[in-house]
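Biologist: I'm new to this structure and would love a close look at one part of it, the packing inside. Could you take me through that slowly, and then show me what surrounds it?

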Amino acid sequence: MASNKKIQGDTLLHKGLLLPSLLAAVAWLCGAYLIIEHIVSPYNQAQVQAAAQVQGAAFAQSVNARLSERARQLQRIEESGQTVENLLQTAQWPEQSRTQVFSTPQVRVGAGANPTLNFALVDLLKRARQGAQQPLEILRTGIDNSWQLHNVMNLAGEQLLVSQPFRILQRFLEALDKSHGQIQLIQKFPDAAEQTLWRSGQGSGFNSSVALQNSYLRVQFSPSSAFTQQHSLPLLWIYLAAGAGLLLTLLLLIRFLPRDRRAPWERSQRDAKASGEKLPVPSDPLEGEALPEGLASAPSIAPEAPPQGVDSRAAENAPEASGKPRHPLTPEFPLQVFRAYDIRGIAGDELDEPFAYQLGRALGTLAQHAGEKILLVGRDGRNSSALLSSCLKEGILDSGCNSIDLGLVPSPLLYYACAKGKNTSSGVMVTASHNPAEYNGFKIVLKGRPLAEEKLQGLHQLMQQGPFQSGEGSNREQDITDKYIDEIFNNVALAGQPHLVVDAGNGATSALAPRLFEQLGCAVTPLFCEVDGDFPNHPPDPSRPENLKALIDKVAETGADLGVALDGDGDRVTLISCSGRIAWADQLVMLLARDILGRHPGENIVFDVKSSRSLEQLVSQYGGRPVMWKTGHAPMKTKMLETKAILGGELSGHIFIRDRWFGFDDGIYAAARLLEIMALREQSLDELLDSLPTMESTPEILLPVDEQEKFSLIEQLREQGDFANADINTIDGLRIEFSDGWGLVRASNTTSALTLRFEAENKEALERIRQIVMEQLKKIAPTVVVPNWELLD
C-alpha cells in the first residue's frame, strides 16, 4: 500500500504540470501586485501621510505650549520693572536655570562661569544688544559641553543670560507618547546645517515636520510600522484572494492536464535519497586536529560526529552539502603578501579569488575558535575589491561563520563597527590603503585587536594546511554610515563655518568625508571625491608631498581655511594650511597632545620611530609620558592597548585618539578634532604650527630595494654600521640618535623599499647626519639609488 501511495503522489505532481503552474502563479501574483501598487498603496500612502501630519501637529502643539509657558514666564520677569539685583534674588526663574549678568565690555569668549561664554553665546548676546528680540537658542555650553536652553534679556544697559539644562525639556519630551512612531526635536539656524537635539521612538518613511513659534526649532514625526498599519487598508485579503485563485487554478490544471510519471533517465539523486538510500556526508575536517602554531591560543571547537553508518573516508571526496564545489587546498599562497600587520600584494596575481575564498574559510574558522559567530566585511573602492570581498564572504560562510557586509566604506567605519558591535568585535577590510591601484589586501580585526606579525604567519599556515570548520553561514548587508556621522556630530563642536577643501584621492572616503564635514557646519569644496579604483589624479597616499600639490593649489584658489588629504581607505590624514603649508602627522599629534594633556595630564602618548624628536619633548613638557614604538597601524594599536595610551600617531598619517573616541586610526575624526582646536583657540593652522618647536627635517624617503632583501639589509647595517658615538634604537630598524639630531633606516612593511628620515637642529647638522648614514648604507648596499636631496628640502 505504501508503494501505491508513493506512485499516486508522483502522478499528482508530474513534470508536465510545472510550467503551467509557474505561469498561473506569475499571473495571479502579478495581478495582486498591480492592484496593490496602483490602487491600494497610493491610497494607503495618502492616508498615512494625512494621519502623520495630524499626529505631528499634535506633538508640536504640546512642545510649543511648554516652550510658550517658559517664554511668558521670562517675559513677566523682564517687564516687572525691578532692578537686576532684585530680579536675581526674588524672581521665579524656570526650573534649574542659571543667570549671569554681562556689561558690554564683558561680552567675550571665556567670560562668565557655568557656562563660560563660547563663540555661539557671544554671538547671541551681541545680536540681542542690537535691539531685536532673540528667540530661544539651544547650544552646547558648559564644562560638560552639554545642550542648554539660552535666552537673553536687555535690562538697564546690561544683559542677563538665562541658561537652563536641556534635560528639563527632555524630561517633558520623554513623556510624549512614542508608540505612534519616532519623534525628533531639530534645530536649524539660518545658513547652517540641521542639528538633531533629541530623538526617541522607532519610525520610518514619510516625515511630518512642524516649526515651533519664536524659535529655530521644529518637531519631526515619522510614523511607526504599527501606526502605518493602523491607518492603512490591510493587504492580507488581497494576498489571500490571489492565493485562493492560484489554488483553484492548480486544481483545475491537475484535473484536466494529462498525467505521467518520470522516465528513468529523468530521476535524480534526490529520488534515491527519498527512497531511503544512504548518501555520503562530508565529515568535519577539524576532528582530531589543532590550529597552526601562533593561532592555537584561540578556544577549541568540538567537532560534530558524522552520522552512524556513514563512512568518513568516502566523505572526503564528496561535494559540499550546499552544492558548492570544494576549493582544493593549495600550498601556492605566497608568503610575502603576509606583511607585518596586514596582507598586501598585487591583485589578480598574488591575491586572487582562490586566495580570498581560502582566507575567508581560515578567518571564519579562527573567529569561531575565538568565540565569534559573525565577521564584519568592508571594502574600499579599488577595481578588484568587490570580487575579492565576494570570494572572502563565500569562504566565511562555508566555514559556518556568519557575515555582515558593510559595503564600500573607509576602514575607520569597519573599526567603528567592531568597537560598537554588540554581537561581534571582529572583521575584515578589503583594502590596500595608500598603495597604487594594482595592489589590494586585507586588514583583519579579531576580538577588537589587529591580527599581525606571528599570528599572520599562523594564518598563512592555516590557509595552506587547514583544519577548517565547515557549515552554512548566513550573510546580510548593513549600512552604518549614518550612525558613524551622528557619533562624530555629537562628539565634535565647531564654531562658525570654516571653509575646507577635501581631497579624498578618489578613495573610499569620497562620499562620506564631504558629507560629514558639511554636517559639522563646514563649507566644503570637494577635490577628487569620486570613487575611482584607477586613482587617475594621484596615488592615494597623503604622506608624499607630490600627491598634495593639487590640494595646495585648490586651497589657494578658493581661499579655504584648511585642506584635508585622506588616503585610499581613510585611516590616514595630512592637513594643508591656508598658506599652503603641509602639516605632517607628527605635528598634528603635537597639537592634539597639547590639547588633550591639558585635560588629562600624566597620560601615555605613543608615536612611531619616524616622528620628530620635538614630539617627545613636547609630550614631556605638558606632563605626558612619551612612548616610542614600531611604525604600523597594527603595532601602534597593540601598544596603545598595552599602555592604555590616550593618543597615538605615526608620521605616515595614522592618528589614534582614545580621548572621547575609540582609539583606532581615523583620518576624518582626527581632522575634525583639529578643526575643533582651531575654533577653540581662535587660531589658524599656520598660527598653531608656528607655536610648535621646529627642527630641520626631511619627509619620509623611500629607497626601492628587493622585497626579499630589505630585512637582511637592515640586519647587516645593524651589525656592520659604524656610527661613532651615536645611540642606536632598534625598536624598528635603526634610529641613530646624535646629540643634535637623528637618522632612521628601516624596512617598509607595505612596499619593497627602505624607509629613511632625518632631523636635526640646523641644516648643517642635518647634512652631516645624512652623509654619515648614507655612507654606511652604501657600504652594505652599493647599488642602492641615492635620492636627489635638493628635491626633498
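Modeller: Happy to. Let's start in the largest nonpolar core, which has 72 residues; Phe517, Leu575 and Leu647 are the ones that touch the most other members. Helix 20 gives this core its largest share, nine residues. Keep in mind as you look around that this is a predicted model.

Take Phe517 as your way in. Leaving aside residues up to four places away in sequence, phenylalanine 517 touches Leu500, Val502, Cys522, Val524, Ile668, Ala671, Ala672 and Leu675. Helix 20 runs over residues 667-681, so you can find Ile668, Ala671, Ala672 and Leu675 by looking there. There's another core too, lying apart from the one we started in: it has 32 residues, including Phe338, Leu388, Leu446 and Leu459.

Now step back for a moment to see the whole protein. It has 793 residues, and 51% of them are buried. The fold is built with 24 helices and 30 strands. If you take contacts between residues at least 6 apart in sequence, 68% of them join residues at least 24 apart. On the outside, the accessible surface comes to about 37000 Å², and carbon and sulfur atoms account for 51% of that.

Back to the charged side chains. Arginine 599 and aspartate 659 form a salt bridge, with 2.8 Å from N to O. Arginine 599 sits in helix 17, while aspartate 659 is in the loop between strand 24 (655-657) and helix 20, so this pair ties together parts of the chain that are 60 residues apart in sequence. The two partners differ in how covered they are: arginine 599 is partly exposed, at 40% relative accessible area, whereas aspartate 659 has 5% and counts as buried, because buried means under 20%. Both belong to a network of salt bridges that also takes in Asp595, Arg660, Arg673 and Glu676.

Helix 17 (585-599) leads us on to helix 18, since the buried residues of helix 18 pack against it. Those buried residues are Arg613, Ser614, Leu615, Leu618 and Val619, in a helix that covers residues 613-621. Their other packing partners are strands: strand 21 (604-608), strand 22 (625-629), strand 28 (734-738), strand 29 (741-747) and strand 30 (753-760). Have a look at both ends of helix 18 as well. At its start, a side-chain oxygen of serine 612 comes within 3.0 Å of the backbone nitrogen of serine 614. After the helix comes glycine 623, with a positive phi near 85°.

One more stop in this part of the chain is serine 691, in the loop between helix 21 (685-690) and strand 25 (696-697). Its C-alpha atom is 9.4 Å from that of leucine 591, even though the two residues are 100 apart along the chain. Serine 691 counts as partly exposed, with a relative accessibility of 35%.

What about salt bridges elsewhere? Searching the whole structure turns up 38 of them. One of these joins glutamate 95 and arginine 171, whose closest N and O atoms are 2.8 Å apart. That pair links distant parts of the chain, 76 residues apart: glutamate 95 is in the loop between helix 3 (84-90) and strand 1 (98-102), and arginine 171 is in helix 5 (residues 166-174). Glutamate 95 is partly exposed at 38% relative accessible area, and arginine 171 is partly exposed too, at 48%.

For a local case, go to helix 22 (residues 710-720). There, arginine 718 and glutamate 715 are three residues apart, which means about one helical turn separates them. Their side chains meet in a salt bridge of 2.5 Å, N to O. Arginine 718 is partly exposed at 32%, and glutamate 715 is partly exposed at 35%.

Let's finish on the outside, with nonpolar side chains again. Leu236, Trp237 and Leu240 make a nonpolar surface patch of about 380 Å². Of these, leucine 240 is found in helix 7, which covers residues 236-256. Leucine 240 counts as partly exposed, with 45% relative accessibility.

Methods
Residues are numbered from 1 along each chain as its sequence is written. This is a predicted model: local features need pLDDT of at least 70, side-chain atom pairs count only at pLDDT 80 or more; totals for chains, interfaces and linings use all residues. Side-chain values use heavy atoms; hydrogens and water are left out. Patches are made of residues with over 30% relative accessible area and no salt bridge: like charges are joined within 9 Å, nonpolar side chains (Val, Leu, Ile, Met, Phe, Trp, Tyr) within 5 Å. Accessible areas come from the Shrake-Rupley method with a 1.4 Å probe; for residues, only the protein chains shown count as cover. A salt bridge is a side-chain nitrogen of Lys or Arg within 4 Å of a carboxyl oxygen of Asp or Glu. Helices (H or I, at least four residues) and strands (E, at least two) are DSSP runs, numbered from the N terminus. Buried means under 20% relative accessible area, exposed over 50%, partly exposed in between (1.4 Å probe, protein chains only). Contact means heavy atoms within 4.5 Å. A polar contact is a pair of N or O atoms within 3.5 Å; within protein, one must be able to donate a hydrogen and the other to accept it, and residues adjacent in sequence count only if both atoms are side-chain atoms. A nonpolar core is a set of buried Ala, Val, Leu, Ile, Met, Phe, Trp, Tyr and Cys residues joined through side-chain atoms within 4.5 Å.
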